[in-house]
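Reader: I have a new structure to look at. Can you take me through the terms used for it, and show what backs each one?

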Amino acid sequence: MQSKMKESDPILEIKNLSASTDNLPILKGVSLSVYPGEIHAIMGRNGCGKSTLSKIIAGHPSYNITNGDIKFLGENINSLEPEERSQSGIFLGFQYPIEIPGVSNLEFLRVSTNARRKFLNKEELDTFDFEELVKEKLEIVKMDQAFLSRSVNQGFSGGEKKRNEILQMALLEPKIAILDETDSGLDIDALRIVASGIKRISNAQTGIILITHYQRLLDEIKPNYVHVMSDGQIIKTGESDLALELEKKGYEWTDNFIKET
Amino acid sequence: MEIIEKIKTYKSIDNQTEIQKICLDKLQSSPLPNLRSEQWRLSNKSKLSNCLDYSVYGNNSKFDMPFPENSQSTIRLIIGENCQIKLIDKNYSIQQLREDELLKYIKEQISFFNQNDNWSDLLNLSLSCKNNILGLKINGSKIPPIEIFSHASSNSLNAKTLIIFCEKNCNVELLQVNLGEDNSSLSQSTFFCLEENSSLNHGVVSYGLNKSNLLNSLNVIQQKNSEYNLGSLHFKFNYARFEIRIKQSEGNARTNIKGMQITKKDEQISTYTKIDFDGPNGFLDQINKSLADDKSHAIFEGSIIVPKIAQKTDASQLSRNLLLSNLAQIDTKPQLEIIADDVKCKHGATISQLNEEELFYMRTRGITLKEASKLQLSSYFQEIISFIPVSKDRWDLLDKLLNEN
C-alpha cells in the first residue's frame, strides 16, 4: 500500500521492494513514499521485516534486492554503498548501536560529520571547530561532554547509546532518518529527551521513518502515517489513529486483516 | 652445521671469548634446534635457513635513526656504538657491569639453558662479540626513560646482547627497539634480573624492511615483590621469533604482558612464552594479539607453569587473533601446566575476522570501508600500543609505520 501522493517529489520512494538474505526472502514487495516534512511510523510483530527494511535502505551488504527500487531524491540507490547513502543524506538510527572499543567517540563523530560535509561541499572541520559544533549539538540530547572522550558506545547504558544515535543524527543533518526502535530500552525521561531531540532536528525539508512497537513514542512524535508490516509486506496504512487501534486490538487484528484480504 | 662453521670462520678459536667457546661447544652438539620440538615445529624451515644464511658480521655500520633526536630527559644507547655509560645522579645510578660480573652472570644463565628452549640464546652468545654486549646495573628512583637500539645491517647476521640488573627498589622505563635493514638477520638476546621491590616497564618495538629476519629472545628473572610490565610489537619481518621466558623465582611478583605481531605478504612471525612460577602468590596477566593478512603466518604458543610450591598463583593468558585474508594462517596454543591445587588460572584463544556489524555501523555514518577497516584495526592495536612506553613524539612515527603496514 502506498502513502498518499503529493505534488512535490518524495525524498524516499520505495517501489515493490523484495529482498532476501542467504536465499531466504524477507521483504516481499514493499512500497512506501516519504515526502518532505512527513513522519511515518512502521509497526509490526518481531520478525515481520521492519528492521530488515531499514537496513536495506541503509545498504547492508548481507541483503540482496531481488526486485523493486529504492529511490532517494529521485535517484535509484539500489547499488550505492552504505557510506555513499549516508553521505548523501540517509541516516539509520540503530536498534542496538554497535560498540567500537578503542575508537574515540569524538573522532568517530568528527570523521562521519566531515564525510557528510564533504558531500555537501561544506568545509571540513578540524578538531577545535568540531568541538564547538558538537558541544552545541550535545545540548539537544542533554548529553555530557564526557561521552565524547569515551570509545564509541562502549560502556554506555541503553539510553546513552540511543541518545548518542540522535546526537549523530543532529550532526549529520540527514534528509531522511530511519530510526529503528529508538524508543526501546528508554525510561520515560530519556524517551522525552530523545523524542524532543528528534523533533528539534526534523523540519519541513526532512523525512522521518520511526520503527516502533509502542504508542508511547508516537504520543511524543505524532506521525502523519502509520504502516503495519507483516511477513515482509506493508499490509495496512492509515493515519496516526491506526497506531491507537493497533495498541487496543493487538497484532491478532492484523492477522484477521490478512485473512480477509 | 653450516652456522657453526660460519662462526668458526668468523672467529678463530684464539679470538673467541670464554662465553663464545662454551656456547659453541653446546651448539656443536645441536647445530640446529630440533625442528620436531614444540618450540620449533611450526617454524618455516626455509625461512629459518635463510635467516641463518647471511655472513656473520661483528662490526656495526651506521644506520638512520627512525625516531627523532632524543630529548635531554631520555637516555639513548645503541648496542655496538656507544656502550660506554656511567651516570650517577643523587637519585639514581646507571653503570656498566664489570667484565667479571657479566661473565659470572652469563655462565650461570648458560648452565640453566635447555638446548631447544634456548637455542636462540646459544646462537646469540656464540656470535656476540664484546662490543655488542651491553650490560648495565641500575638503581635508584626518578630514572629518566631509557631507549636501547639494536640494528642489523644489510646482507649480514648481527648479534646483540643486553643484560640489565635492576637493583632493589628501583623503577625503570625502558624502550628497546630492534631494527632490521633489507636482507638482514638480527639475533637479539636480552636478560633482565629484577631484584626485590623493583619494577620495569619494558617496551619492545621490532620492525624490519624487505626480507629482514629476527631471532629475539627475552629472559627475565623476577625476585619477590618485583613488577615486570612488557608491551611488545613485532612487524615487517620475513621471519621473526620472539621468545619470552619469565621466572618468578620466589613467587610474590607481578607480570603483565601485552604483545602484538602483524604479518603480511608471506611473512612468518611467532611468539613463544614460558612463564614459571617458582613460589606462591605470583600474578600474571597476559594478552597476545596477532593480525595476519595475505599469505602470512602468525604463531603464538604460551605456557604457564605452576608447580606445587606456587600456591595462590593468579594467572591469565589470552590469545586474540585476527585473520584478514582467506590465505593467511594463525596457529595459537595457550597452555597451562598446573600442579598446585589452590590457584586461579585461566587461558583462552579466539580467532576472528573484522567485525562486519562494526564495519556496517561505521559505513552508515559515511565512513568508507577502507577507513572503517583502518579505524577498526587501530582500535585492535590500541590496547597493546598504549602499553608500550613510547613518548608522544615517537608515537607519530609508530602510527605512520603501522599505517604503512
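Author: The turns below go from the interface to the two sheets. Keep in mind that this is a predicted model.

Reader: How many residues does each chain bring to the contact?

Author: Chain A brings 30 residues and chain B brings 16 residues. About 1,900 Å² is buried between chain A and chain B, and carbon and sulfur atoms give 65% of that area. A:Glu83, A:Phe94 and A:Ile98 supply 25% of what chain A buries against chain B, more than any other three residues.

Reader: What makes A:Glu83 and B:Arg363 a salt bridge?

Author: The cut-off is 4 Å between a side-chain nitrogen of Lys or Arg and a carboxyl oxygen of Asp or Glu. In A:Glu83 and B:Arg363 the closest N and O atoms are 2.7 Å apart. The pair therefore counts as a salt bridge. Between chain A and chain B the count is three salt bridges.

Reader: How many residue pairs are in polar contact across the interface?

Author: The rule finds 14 such pairs between chain A and chain B, both residues at pLDDT 80 or more. Several elements of chain A each supply at least two residues of the side that touches chain B, among them helix H1 (50-58), helix H2 (82-88) and helix H6 (158-172). By class, that side of chain A has 16 nonpolar, nine polar and five charged residues.

Reader: Why do strands E2 and E5 of chain A stand at the edges?

Author: The open sheet of chain A runs E2-E1-E4-E5, with antiparallel pairing. Strand E2 (24-34) and strand E5 (75-76) each have a single partner strand, so one side of each is left without a neighbour in the sheet. Helix H1 of chain A packs on this sheet and touches E1, E2 and E4.

Reader: How do you know that E4 and E5 of chain A pair?

Author: Pairing needs at least two bridges. E4(A) and E5(A) have two bridges, in the antiparallel sense. They therefore meet the rule. A:Lys71 stands opposite A:Asn76 in E5(A).

Reader: What is the order of strands in the nine-strand sheet of chain B?

Author: The order is E2-E6-E8-E10-E12-E14-E16-E18-E20, in an open sheet with parallel pairing. Strand E2 (75-78) and strand E20 (344-352) of chain B each have a single partner strand, so one side of each lacks a neighbour in the sheet. The twist averages 10 degrees from one strand to the next.

Reader: What makes E12 and E14 of chain B a pair?

Author: At least two bridges are needed. E12(B) and E14(B) have nine bridges, in the parallel sense. They therefore count as paired. B:Gly231 has B:Lys258 in E14(B) as its bridge partner.

Technical notes:
Residues numbered from 1 in each chain as written. Chains lettered and ligands numbered in written order. Predicted model: local features only at pLDDT ≥ 70, side-chain atom pairs only at ≥ 80, totals over all residues. Heavy atoms only, no water. Contact = heavy atoms within 4.5 Å. Buried area = accessible area lost by both parts, 1.4 Å probe. Polar contact = N/O pair within 3.5 Å; in protein donor to acceptor, adjacent residues only side chain to side chain. Helix = DSSP H or I, 4+ residues; strand = E, 2+ residues; numbered from the N terminus. Nonpolar A, V, L, I, M, F, W, Y, C, P; charged D, E, K, R; others polar. Axes fitted to C-alpha atoms, helices over the stretch in contact; angles between N-to-C directions.
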